[in-house]
Amino acid sequence: MNWRITPASSSSIKLLSLPLIELRQSRYFYFSLENLLVVCVRGKRMVSGLINENPTVYERKERRVRTDSTNTDEFSVEPIDQLEIFDILFFDFAIVNIHHIRDIRDPEHPYSLEQLKVLTEDSVEVDDHKSYVRVTFTPTVEHCSMATIIGLSVRVKLMRSLPPRYKIDIRVAPGSHATEAALNKQLNDKERVAAALENPNLVEMVDECLSPSFE
Amino acid sequence: MAALNNLTEHLEAFVDVTRSPTHHAESLRAIATSLEKSVLSINQLVVEMDMYLTTTDDVVRARGRILLLAEMLDYLKPKPLDNAVVNSLVGFFTAKLAEWRSVRGALTGCLALIKRKGVAGLVTAVDAEAVAKSMAQSVQVQSLALYDRKLCFELLECLLEQYPEAMINLGDLMVYATCEAIDGEKDPPCLMVAFHVVELLARLFPSPSGPVASEASDLFEFISCYFPLHYTHTKGDETSIPREDLSRGLSVDSLKCLKDCAVNYGVSRMKKHYEGIWSAIKDALYASTGTDLSFGLESLTSPGFEMGEIHREAVNLLQRLVKQDISFLGLVADDIRVKMIFDTISRYSRYEEMLDTSKLEVLVVSQILSVSARASVESCNTIFETFFVRLMNTLGIVEKTSSGDLVHNENSTVSTRLYHGGLHLCIELLTASKDLIPSSEEDSSTPESAQQSWCSIVNRFSVSLIEAFTSAVQSSNDDCSADAYLGVKGLLAMGMFRGGSSPVSRSEFEKILTTLTSIITANSAKTVKWELALKALVCMGSFIDQYHESEKAMSYMGIVVENLVSLVRSSHCSLPHPMILEATSEVCSTRPTYVEKMVQGFEEAFCSSFSDFCVNGNFKSIENCSQLLECVTNKLLPRLTEIDGLEKSLVHFAISMWNQIESSVVFSYDFNGREFVEAAMKTMRQIVGVASVDSQNSIIQKAYNVISSSTLPAMESIPLTFAALEGLQRDLSTRDELILSLFASAVIGASPMASFADVKSLIKLFMVSSLKGYISAAQALGSMVNKLGTGLEEACDTIFHESSASGNNTSSVDSSKSIGGSETLLAKICLGFYGSLDLQTRAITGLAWIGKGLLMRGDKRVNEIAHVLVECLKSTNSSGNALHPSALKHAADAFLTLMSDSEVCLNRKFHAVIRPLYKQRFFSITVPILESLIVNSQTPLSRTMLHVALAHVISNVPVTVILDNTKKLLPVILEGLSVLSVDSEHKETLFSLLLVLSGTLTDIKGQQSVSDNAHRIIECLVKLTSYPHLMVVRETAIQCLATLLELPHRRIYPFRREVLQAVTKALDDPKRRVREEAIKCRQAWTSISSRSTPF
């Protein structure tokens, strides 16, 4: 069931604050995730929407640049590596700007998953020969209810982008979440993932997470 | 009067408020266009609008009458109007300002009229005054809607900007009206205009007893309530300004403003603020300076660190203040941070060792001091007296006594201490001071004494300074560039003092040059030091040229140029030859006289090396020769336009090349590889290409003489008969080969105006040599038939007729009828009637180049050639003999030669005659023939080769031609792609054809036929996603598949499964770029499939 929160009546707008505020006040976002209901109102600090009010923001790590771009050998093989997986997750289809993730943080400060260190390059392990990839992510707070959707999105993204031979393992970093074991089980259980993705609302949400952002 | 009928309709539409805004805009545009085209006059429009103007319905009247007219005027701003019309319209709108219902129309109208610029139909000052008056009296700005308020402010702004005199007449009224208008305004965009209005008003009434002054308290009250501005940071809004930009902008503005204050308020009123300003400048400089001092090549002539806008403004302000009042310098000199600098400097010897804070300290203080020194001669004197001497002491640099000797410390060799920070400061000061030397014209007018002080200080230290810098350079090792950089930069600074009153004497200047030159000659590898020294020398060279320093030019010539040129000439020196060449060419291109000297040196070097090779067989010498030629082509030729007189020297050089070859009759040794010949050909081609026609003629004449004296003319006597040609082998001597290639290059580079002595024998010579397998001869043939004027007929006769006339005696009777047809000997050789395979393939290649020459000038004979080439593509010739596969391949490649642009010959650089659209013409001739042959092809090989030929034609023609014929071409292209994908040999051709296909996919013109052929295109592309031989093919195929999603959904949906399968496979491609494309493509194709399968 979805329920709606009406925004608080607009207080008098400070001079020179640009009209965008008015616009934002009229947007609501509601997502349902299995049995969990998250309601966020965009642009407003609603208590129900803010899971972590003051996230620690980290300096964005300098992106490692590929040096072998001039590789001209037509027949050499470039194996799938850590950076490539990271780029899949961050480069074109930016989970970077998942609206939801951002909105449950302080909406005035749109940090990306990377800046919040939810995902880092080092958290990706990959072995091209064994066709195995493991992504470990770290929710910002122990009871983050968005952890499931983040994990699911990462899994779907990798399923779409990696060859079918790959086995994908998504994990929450040890000790970073209250229901760590349950979460890991849920994210790596084929049946449950398949079932989750039969829920049209959920699929829509995941797709929105993964849609390219134009900001 | 159809226009008038339409007009009523449009008016009806505009006035009707129930219609949509787009409707309104449309009718408005229609009326405006007819007005613009003068189908309709304004007066007519007013008459026609009669009904709407007098109606009692307020809404209709407001819209019809006024808004329409006003919007119309807005459209017609660029159209000249009659003064009377403008006058009456202004009157009309002014009157209507009083009526609140029509105020928007009236405002728009006034604004449109007042904004008019140009000669015809301007609003007069009197009218403008009336507008302002009416507005002030009858418009209650704050009671209007937002858009109307904005219009009001804009109108005020325009009035104040364009009619200041009229507004001054209004005086109080204007100010009062503005106050009233602004009071209570809340919308930011309106306020921005409003603030500007206030600013304009203040500028208009500057007097302290004027209307603005009397209303000042009110105005202040209205405006001050908006401050402090609330800056709310919003994300994702394009119009918003980030906080950093805002603060930067404010800093820059305030610095600019302070500078204006300094200019306008004068010294006495500024004086009491000096301390505040000084600390502000200091803060700005410290905040805006980074600590990264670059020791790179590019910063030798620049400050070496990045300068932001704030920094630049702060520097300007400081300079302004010092220039205006020397006493400001007292603040600078007394500043504790400035005083501390000497301690900081002497604490560290290397820049890298410094803490960031110390680095900052050094950089900022040297900025401050150098900027102050640059401000005026007096300030420079002060700075040098106060700081420079002290700096010298810190660095341990001693001055010379009046007798010219140095005052030695106890141990003079180690007394100088090379603190990097100190050197940097010293260099900055020297660089700053050198700009203060007046140029030679005004030299006499300035009193000598004014500049003597700092000059004499520099003079006293100059010897030691140069020594210090020299020792810095010399002590530097490869891993530390800072020493070398500072040393060279210091020497450069010392060497750049202008004119006779320079503090650096001529002998000292020469010492600098010697030092730098010795750095260049002493290094045997290309180190940073070497490059720095070279750049410094180039800088000094161009500086000398720029300021016409004749004395210094002589020193430069004697020390630098002659030294380097003599190194080029001498064959034994430690420095690698390419480095000498680079240094010489860089240094010498600073002045025409040096260039002349250098080319002379090059000539001598070429001649001596060449003869050394010929006589002694020294392969090192011939290598030097090729490097020298490469230097000429790569370094000198591109700068032809910049350097005066270079052309003449180069032509001379080319002729001496010929002379040298002529005189070296005996080549005792064979060439080691083709490098030298290639380099010589390139140089010759390009020199001829850039030379004037006269020079071209003299080079060709010279070359012709050399040819005649060689054994080559014997070839001319070889009859162009099968029997004679069959016996040919590549049996030219090395020398003849060189002469032939060079001559061919000269011919390739020549312009159509150049004259050739004996066309017929030349053609024959080239014919024979091209059949011997010299491609350059074939290219020369192509160039000749392309450029010859009157000689063309004769040339073609020689190429085609004669060959058959003297050829096979069985079928030569009627050959005169066909020009280049299959009856000529050349054609028969091509078709394999006689001769070896080698001869056949060479003939085909030769024919292709001749064909290209003819094709580009638009000669009909190319059709015959195309015909012969097409015949070669069939698997059997007319007598039923099978053609060799290699011949087929050469024939297919001939189409590439014909259609592609060549770098080597027949292009604009080498004066080719190029008819427009020649490619299109060839395309329309050959494509139908090739298509029909493909349908009827007998063997797979022939079919493949026909496809290759067609692909060459299609992929080289401009893409618009393809787009016009997509329907017809698409099936052939697709077939070609699948045929070519079989063999890896054709991968490049396949790729260019695929690019053509991708071009048609995205264009609107091809969309219909792409849509019709969707299934075949997808099938073909899917196959190419796994093409193993070329990565770009796979990548492009996947991109094309993604593009296809733009087609109608029903066309592509059926292929979804197939495409997804192929793309999924591509996710495992060995190449990363392909995988990346596959991910994007898969994502895109997944999104069209049903929701139930998310992956």
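Trainee: Which helix gives the largest share of the lining of the largest cavity?
Mentor: A cavity is a set of points, on a 1 Å grid over the protein atoms alone, where a 1.4 Å probe fits but cannot get out; lining residues have an atom within 4 Å of a point. Helix H8 (125–138) and helix H11 (172–182) of chain B each supply at least two lining residues. Helices here are DSSP runs (H or I, at least four residues), strands likewise (E, at least two), numbered from the N terminus. The largest share, four residues, comes from H11(B).

Trainee: What kind of model is this?
Mentor: Residues are numbered from 1 along each chain as its sequence is written, chains are lettered from A and ligands numbered from 1 in the order in which they are written, and side-chain values use heavy atoms, without hydrogens and water. Local features need pLDDT of at least 70, side-chain atom pairs count only at pLDDT 80 or more, and totals for chains, interfaces and linings use all residues, since this is a predicted model.

Trainee: Where in chain A is confidence lowest?
Mentor: Use pLDDT, the predictor's confidence in each residue, from 0 to 100. Chain A has a mean of 63, and 48% of its residues reach 70 or more. Its highest value, 89, belongs to strand S5 (residues 167–172). The lowest, a mean of 30, is in strand S2 (residues 36–41) of chain A.

Trainee: How many contacts beyond four places in sequence does the model have for residues 1–50 of chain A?
Mentor: A contact means heavy atoms within 4.5 Å. Over residues 1–50 of chain A, pLDDT stays under 50. The contacts beyond four places in sequence number 86.

Trainee: How many strands does chain B have?
Mentor: Take chain A beforehand: seven helices and five strands. Its elements run α-β-β-α-α-β-β-α-β-α-α-α from the N terminus on. Chain B has 54 helices, and its strand count is zero.

Trainee: How much of chain B counts as buried?
Mentor: Buried means under 20% relative accessible area, exposed over 50%, partly exposed in between (1.4 Å probe, protein chains only). Of the 215 residues of chain A, 47% are buried. Chain B has 1095 residues, and the buried share is 55%.

Trainee: How many residues lie between S3(A) and S4(A) in their hairpin?
Mentor: Strand S3 (residues 124–127) and strand S4 (residues 132–137) of chain A run antiparallel, joined by four bridges. Strands pair if DSSP finds at least two bridges between them. A:Asp127 stands opposite A:Tyr132 in S4(A). The number of residues between the two strands is four.

Trainee: Which residue in that turn has a positive phi?
Mentor: Most residues other than glycine have a negative phi. Here one has phi near 55°. This residue is buried, at 11% relative accessible area. Found in the loop between S3 and S4 of chain A, it is A:Ser131.

Trainee: Is B:His548 buried or exposed?
Mentor: B:His548 also has a positive phi, about 50°, although it is not a glycine. It is found in the loop between helix H26 (528–546) and helix H27 (550–569) of chain B. With a relative accessible area of 64%, B:His548 is exposed.

Trainee: Why is B:Cys380 not bonded to B:Cys455?
Mentor: A disulfide is a pair of cysteine sulfur atoms within 2.5 Å. The structure holds zero of them over all chains. B:Cys380 is buried, at 0% relative accessibility. Its sulfur is too far for a bond, because the closest cysteine sulfur, in B:Cys455, lies at 8.4 Å.

Trainee: What is the distance for B:Cys614?
Mentor: B:Cys614 is in no disulfide. It counts as buried, at 3% relative accessibility. The nearest cysteine sulfur, that of B:Cys625, is away by 8.6 Å.

Trainee: How far apart in space are B:Arg943 and B:Leu933?
Mentor: B:Arg943 lies in helix H45 (residues 940–956) of chain B. It is partly exposed, at 30%. Not counting residues up to four places away in sequence, B:Arg943 touches B:Ile934, B:Ser937, B:Glu975 and B:Val979. B:Leu933 is ten residues away in sequence, and the C-alpha to C-alpha distance is 8.2 Å.
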